[in-house]
Amino acid sequence: MKRVAVLGMPNTGKSTLFNRLTGAGAHVGNWPGVTVDLLSAKLLLGDAMVEVVDLPGFYNLHGFSEDEQVVRRFLETQPVNLLLVVLNSCQLDRQLALPLQLKELGVPMVILLNMTDEAGRLGIRIDAGKLEAALGGPVRALSAKFGQGLVEVKDVLTQQLREHPKLSQAKPAAFDQDVRIEQELDALVSASVASPIHLPPSATDKLDRVLLHPWLGLPIFFLMMFLLFQAIYGLGSPLQDAMSWLLDHIKTDAVEPFTAAWPAALRSLAVDGLFDGIGTVLTFLPIIAVFFMLMAIIEDSGYLARAAFLTDALMSRLGLDGRAFVMQLMGFGCNVPAIMGTRIMRSSGLRALTMLIIPFSLCSARLQVMVFVIAAVFSPRMAPVALFTLYLTSFVAAFLTAFLFRKRYHSHEPLLLELPPYRLPTWRFLGVESWRAVKQFLAGAGGFIVVGVLLVWFMTHFPFDAAPAGPDTLAGGLAELMRPIFAPLGIDALLSIALLFGFVAKEIVIGALAVIYGVGPDQLSGVLTARLDWVQAYSFLIFTLIYTPCLSTVAAIRSESKSWRLALLATAWPLTLAWAASFLFYQAARALT
Amino acid sequence: MTLNQLSPNACGVIEAIHAGQDLRRRLCGLGLRLGIRVRVIRHSPLNGPMQIRVGHTDLILRRSEAANIDVIPT
């Protein structure tokens, strides 16, 4: 099969073009010798099936950033028929450096001048003929966002593929020699690009004067984040509830009657293990879909880079950048999509550190536990104070973690970001983006979550003749074993079994407590009031807040980072921190009261 | 003088870049090369990054990194 690689600098509309060409049919796959997954799709051009591969955006063929190395390794190992080089027509003064470097590889090239609509508005005129002569490949103008020129692009691809039917390998020598292209670049730019010397202040400049204002910028940022948060979870939560409702009905109306005649242990495995495991995976899908749709809007609009500009002063001291802060804030709704959202960061060290702090964000599932226990144990006057201090604890735990691990997950890349002009997002592809994220979550994390739920089911149900989650099960035995560890925190064996359930999903902690105490959900509040004083309850809440992200978050961390080590660290470190925090609180509170 | 010392709205021509080859290439990819004119747009408060304009591109970079770029004010 023929193969075309799509290359370009960041912010050239490369992905928009890729989506235009291939639609929703693209899939993520790995390539031998290349460490990250690449998006690719099959496309019929003329009479030939062509595999189109989307390479990460990069600035320099000879650079050593992670994305640059991915591109290099791909070109070194994979032969291609054509390179499709996408350039931003407004920035040819520097972007032409890329085709000049790629020319040395000796692989046929097609050059696309994207965003011609914006360039036209700026009064930039380009002599495509001169570029063709200098770069040795056809040059076409298009606007991928509006689909103008797309037919011509397909035509030129078809024709070029006919002319170059054989796969060719890039010349290895070209990667090593750092050609002095600066003079060549200057000559080419002055010969082929004419742009007005004085640009009128654009709409972006005017907007930036407000949005990046020294004193208004940050308040507006927090307002934007609040609105984004409300939008994501305002839309996502009802969908998530609807999904749970649907799953509940399937469980009581179909799965339970169907398995009624089965032996008890097998029925429990099917209903409480397998079905609930798959259900856990499914309830995340609506929120991931909505999250990626709205995050794509923020990213496409150009505001995300501005958020980095506004918050970097604080975040750089913690070894993070502003984009990490956005994801941390989004984690307060649900950690899982926030973990997946760290893809916008290109440095793997920065991503790893961000994934380590997101689980401390007090997500909506944990909030249910907090609110329930606080309402049961604290007076109405103290309840808001208790909740507020837990939110505070969440931030302190995250920043402390970033501070402690900033050396280990060090970002080698300096903060050097483009501030693209504000653009309206390409609505057409928002659906494609979120569908892709959902598919990746299912493939990457789904299996892990189901296995984890099955494991906890086994722990809390074996041996099968014991009462579920009771002291005679494996979980009860484990709780007994852990008693010396949890006793100094004021957490008794029964509560620690609930914590084991909480590892699966924090939503089920309250339900699990009801089962463990052997009461109905409506009586649980009274039982908690009777059995726990506020110090014990608050210690339990601190532990619940910090101890471990839920199974789905761990699964997302593993699937996003491709590192078991990081997933293990993201489980072990919060456990340690939770124990230390609860211990300090419980012992201090007991000593003082 | 260095790039971080330019005040907002001031322009300068890049005279020297004191950085490793890797960072220099990255800067070059973003249009920051010797002899190129840059304009400072604004500084972020609390000693945060600065926004500069090179040709048709707006960039943000930390002031600590900008301190490695020598400019001649114009």
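Modeller: Before we start, two residues count as in contact here if their C-beta atoms, placed from the backbone, lie within 7 Å. Keep in mind that this is a predicted model.

Biologist: OK, take H26 of chain A: which helices do its buried residues pack against?

Modeller: Helix H26 covers residues 564-592 of chain A. Its buried residues include A:Leu566, A:Ala570, A:Pro574 and A:Tyr586. Those buried residues of H26(A) pack against three helices of chain A: H16 (348-357), H24 (534-546) and H25 (551-561).

Biologist: And what does H26(A) span from its first C-alpha to its last?

Modeller: H26(A) has 29 residues, and at 1.5 Å a residue the expected value is 42 Å. The model comes out close to that, with a reach of 42 Å.

Biologist: Over to chain B. In what order do its elements run from the N terminus on?

Modeller: Chain B has two helices and five strands to place. From the N terminus on, they run β-α-β-β-β-α-β.

Biologist: Why call chain B as compact as a globular protein of its length?

Modeller: For 74 residues the globule rule gives 11 Å, and chain B is close to that, so it is as compact as a globular protein of that length. The C-alpha atoms fill a box of roughly 30 × 25 × 25 Å along the principal axes, and buried residues make up 43% of the chain. The number behind the compactness is the radius of gyration, 11 Å.

Biologist: What share of the chain B contacts with a separation of 6 or more comes from residues 24 or more positions apart?

Modeller: Take the contacts in chain B with a separation of 6 or more, and pick out the pairs 24 or more positions apart. Those pairs account for 58%.

Biologist: Which strands are the edge strands of the open sheet of six strands?

Modeller: The order is S10(A)-S4(B)-S3(B)-S2(B)-S1(B)-S5(B), with antiparallel pairing. An edge strand pairs on one side only, and that holds for S10 (416-418) of chain A and S5 (69-73) of chain B. The twist averages 40° from one strand to the next. So much for the layout; the edges are S10(A) and S5(B).

Biologist: Where the two chains join in that sheet, which residue stands opposite A:Glu418?

Modeller: S10(A) and S4(B) run antiparallel and are joined by three bridges. In S4(B), the residue opposite A:Glu418 is B:Leu59.

Biologist: Which element gives the most to the side of chain A that touches chain B?

Modeller: In total, 27 residues of chain A are in contact with 26 residues of chain B. On the chain A side, helix H3 (92-95), H13 and S10 give two or more residues each. By class, that side has 16 nonpolar, six polar and five charged residues. The top contributor, with five residues, is H13(A).

Biologist: What angle does the direction of H13(A) make with that of S10(A)?

Modeller: H13 (residues 303-315) of chain A packs on the sheet, touching S10(A) along with S3 (50-54) and S4 (57-61) of chain B. Its direction and that of S10(A) make an angle of about 140°.

Biologist: Last one: which residue takes a positive phi in the hairpin of S3(A) and S4(A)?

Modeller: Seven bridges join S3(A) to S4 (residues 48-54) of chain A, running antiparallel, with A:Lys42 opposite A:Glu51. The hairpin has two residues between the strands. With a phi near 65°, the residue you want is A:Gly46.

Methods: Residues numbered from 1 in each chain as written. Chains lettered and ligands numbered in written order. Predicted model: local features only at pLDDT ≥ 70, side-chain atom pairs only at ≥ 80, totals over all residues. Helix = DSSP H or I, 4+ residues; strand = E, 2+ residues; numbered from the N terminus. Rg over C-alpha atoms; globule rule 2.2 N^0.38 Å. Buried ≥ 20, exposed ≤ 12 C-beta atoms within 10 Å, placed from the backbone. Pairing = 2+ DSSP bridges. Axes fitted to C-alpha atoms, helices over the stretch in contact; angles between N-to-C directions. Expected span 1.5 Å × (residues − 1). Nonpolar A, V, L, I, M, F, W, Y, C, P; charged D, E, K, R; others polar.
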